[in-house]
Each structure stands twice: as C-alpha cells, then as structure tokens.
Amino acid sequence: RGPMLHRALEQFLSDVFWGDLDVLLLDLPPGTGDIAISVAQLLPGSELVVVTTPQLAAAEVAERAGSIATQTRQSVVGVVENMAWLEQPDGSRLELFGSGGGARVAEGLSRSTGTAVPVLGQVPLDIRLREAGDGGTPVVLTDPDSPAAVALRQVATTLTSRSRGLAGKSLGL
C-alpha cells in the first residue's frame, strides 16, 4: 500500500501543471502514516499546519504527527483546533469534545521542535459550515459572519501574511 500511495502522490505532484503557486495545501489523513512520510520525502522543506480537536486522544495523535516534522526537516507553522465548541443561542459555548486540545498540541510541538508553534485558530462546530461544504461553496462566502467563517478567515489571514510563498519556485519533482 505504501509504495502505491507514494507513486500516486508523486505522479499527482509532478504531472499537474500548478502554475505559480503561493501555497499548496494538502489535507492529509491524521497520524504518521505513509502519505505524511511521502509528502516529507517528495516536498522537503514543506511546512505543516497541524489540525486537532479538543479531546486528549486526538491531541496526542496530532502532536505525534507534528513531531515527525523534526525528523523530516519540516517546520510546523501552527495548530488549528477544529470542533472547538458549539455556540448556543444565548451566546454561551458548549464544549462537546472538551477544551484545550489545540493549546496542548501547540505547547508540545513548541517543546519538541524548539520553536514557537502558535494556535492559528479555533473553529467552532457550525451547521452553516457543514451546509456550505455540502453545497460546494465555502462558508466564508455563503455566511461570512458565522463563527466558523470568522475563525477560518483568521487562520487564512495569518497564513497569507507569512513572507514565504511558492511563486516562482519549483516543487523539486
């Protein structure tokens, strides 16, 4: 399975005409599996955004996945906590999956990498996010003032304000 996935990823990265990219986001499966290792091999120097949820078990898996960055010469840009809470009609927050997973992962990765790893944002559970995704239109367009859209825009703004982009650079494949 690993070699087939590696070849498929390599073909995808090398056969597609990407044009001038500022960023290429790859949504990888959680954990430290074959795809994460292949990405590290095929795109040396790539950077990671680690996504977790608040629960301790998920945070531990996310931290392990992020800590591989030190072994693969990648850096961790930051952590996003998904499903952070469910906003109630009265404005209170119901933390269905606990709290603090993103902060725990960021702190652990800061220690293991020796660099400051920030929490880029906390994305709440939001039915409008799911509906927009199901409809194929980003929630930042369909409902830009929703809590999830605001959080996602915050993450995007932080990522786009970084100085390093891919424009004019080869993927090296």
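Is Trp18 buried, partly exposed or exposed, and at what relative accessibility? Trp18 counts as partly exposed, at 24% relative accessibility. The model discussed here is predicted.

## Aromatic rings

The count of aromatic pairs comes to one. Phe12 and Trp18 form this pair, in an edge-to-face arrangement. Their ring centres lie 5.3 Å apart. The planes meet at 85°, and the edge-to-face label applies because that angle is over 60 degrees. Phe12 is partly exposed, with a relative accessible area of 40%. Trp18, at 24%, is also classed as partly exposed.

Another ring has a charged partner. Arg93 lies over the face of Trp85. The distance to the ring centre is 3.6 Å.

## Helix 3

Helix 3 covers residues 56-71, 16 residues in total. From first C-alpha to last it reaches 24 Å. That is close to the 22 Å expected at 1.5 Å a residue.

Five residues of helix 3 are listed as buried: Ala59, Ala62, Gly66, Ile68 and Ala69. Their cover includes strand 1 (47-52) and strand 2 (75-87). Helix 4 (101-113) is also part of that cover.

## Before the helix: Thr53

Thr53 sits in the loop between strand 1 and helix 3. Thr53 counts as buried, because its relative accessibility of 12% is under the 20% cut-off. Its side chain makes a polar contact of 2.5 Å with the side chain of Gln55.

Beyond its neighbours within four places in sequence, Thr53 is in contact with Ala58 and Ala59. The other contacts in that set are Glu81, Asn82, Met83 and Gly101. Ala59 is itself one of the buried residues of helix 3.

## After the helix: Thr72 and Arg73

The loop between helix 3 and strand 2 holds Thr72 and Arg73. Thr72 is buried, at 18% relative accessibility. Arg73 is exposed, with a relative accessible area of 69%. The two classes follow because buried means under 20% and exposed means over 50%.

The side chain of Thr72 is joined to that of Gln74 by a polar contact of 2.7 Å. Arg73 takes a positive phi of about 60°, just after helix 3. Arg73 and Ala40 are 33 residues apart in sequence. In space, their C-alpha atoms are 7.9 Å apart.

Methods: Residues are numbered from 1 along each chain as its sequence is written. This is a predicted model: local features need pLDDT of at least 70, side-chain atom pairs count only at pLDDT 80 or more; totals for chains, interfaces and linings use all residues. Side-chain values use heavy atoms; hydrogens and water are left out. Helices (H or I, at least four residues) and strands (E, at least two) are DSSP runs, numbered from the N terminus. The expected span of a helix is 1.5 Å times one less than its number of residues. Buried means under 20% relative accessible area, exposed over 50%, partly exposed in between (1.4 Å probe, protein chains only). Contact means heavy atoms within 4.5 Å. Rings of Phe, Tyr and Trp (its six-membered ring) pair if their centres lie within 6.5 Å; planes under 30 degrees apart count as stacked, over 60 as edge-to-face and the rest as tilted. A charge sits over a ring if NZ of Lys or CZ of Arg is within 6 Å of the ring centre and within 35 degrees of the ring normal. A polar contact is a pair of N or O atoms within 3.5 Å; within protein, one must be able to donate a hydrogen and the other to accept it, and residues adjacent in sequence count only if both atoms are side-chain atoms.
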